[in-house]
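Colleague: I have some questions about how the labels in this model were assigned. Can you take me through them?

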Amino acid sequence: MLAAAAFAQTAQAQDEPEKAWTNVADLSLVSTGGNSQVTTWAISDKFVYDWSRSQLTFEGYALKSDTRVRGVSNVAGEAVVDENTATTAEEYFVGGRYRYSLASSLFTYTSGRWYRNEFSGIDNRFAAALGLGYQILAQEKQTFSLEVGADWTKEEQVASQSNTFGGVQAIFDYQYKFSESGVFDGDLAFLENLQDTDDLRINLVLALTASMTKIFAISLSYAVLFDNQPVQVLVPPDAPGDPDATFTFDKTDTRFAASLVINL
């Protein structure tokens, strides 16, 4: 960290021309060994390119956690250890977005995204959206915008079921710069399935970022993913003749992360 800070200070001292693009990457890793062996890592990246009236964004993240499960049995008076490694969390997302300003506060946008979270029953979810946005607040320290649009979704579930439907979305985006080095971000998205209105999804992401240098920062984030109609799967019976059982995944997933941010 000391070497990284020294490098960042050297880079900060150099006068660089203002560039049209930015790239922000988040990295986090937890690894334990010995009697308890757990490896958890997460990485995300967001690339933004700005023109005079438009903006192009690519972003994605990946999260995975592996845990070693140890079992000890007695075989003829001797302790026998059986170890297996199991994945206990896995989530992926990739998305792109294009935004074009129609007026000082009015803009249009189009986006495409892919999502996978098998622990929530989602094998693949492809979505595309088109809509309008309005910049409600644009100040030096805070911004607030609202987006409303239509989307198309194809969802492939882990039980080999597939759904394709049209929907509507409303997205609120708020940012507050409370100090020279601190920024708070809040995103709230409502996604409604028009084919089945009970299938409402709500995504909330809160993030607090504090810059250490021009390049490095520390970020704390908390995400809540709510699905009012989660995936259901049929569980086959253990004994012949017994009926299948229905298992329903949880409606809410949460994710808290503390990570190192690299601004390029």
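Modeller: Start with pairing: two strands pair if DSSP finds at least two bridges between them. Leucine 130 stands opposite alanine 150 in S7. Bear in mind that the model is predicted.

Colleague: What makes S6 and S7 a pair?

Modeller: Strand S6, residues 122-138, shares 15 bridges with S7. The requirement is at least two. Strands S6 and S7 therefore pair, and the sense is antiparallel.

Colleague: Which closed arrangement holds these strands?

Modeller: A closed barrel of 12 strands, in the order S1-S2-S3-S4-S5-S6-S7-S8-S9-S10-S11-S14, with antiparallel pairing. Neighbouring strands of this sheet are turned by 20 degrees against each other on average, direction ignored.

Colleague: Why is glutamate 147 called buried?

Modeller: Glutamate 147 lies in strand S7, residues 142-157. Its relative accessibility is 6%. Buried means under 20%, so glutamate 147 counts as buried.

Colleague: How do you know that the side chains of glutamate 147 and arginine 97 make a polar contact?

Modeller: The contact is 2.3 Å. The cut-off is within 3.5 Å for a pair of N or O atoms, one able to donate a hydrogen and the other to accept it. The pair therefore qualifies. Beyond four places in sequence, glutamate 147 also touches residues including Phe107, Tyr109 and Gln169.

Colleague: Why does serine 145 count as buried?

Modeller: Serine 145 also lies in strand S7. Its relative accessible area is 4%. The limit is under 20%, so serine 145 is buried. Outside its neighbours within four places in sequence, serine 145 is in contact with Tyr134, Gln135, Ile136, Ile171, Phe172 and Asp173.

Key:
Residues numbered from 1 in each chain as written. Predicted model: local features only at pLDDT ≥ 70, side-chain atom pairs only at ≥ 80, totals over all residues. Heavy atoms only, no water. Helix = DSSP H or I, 4+ residues; strand = E, 2+ residues; numbered from the N terminus. Buried < 20%, exposed > 50% of the residue type's maximum accessible area, 1.4 Å probe, protein only. Contact = heavy atoms within 4.5 Å. Axes fitted to C-alpha atoms, helices over the stretch in contact; angles between N-to-C directions.
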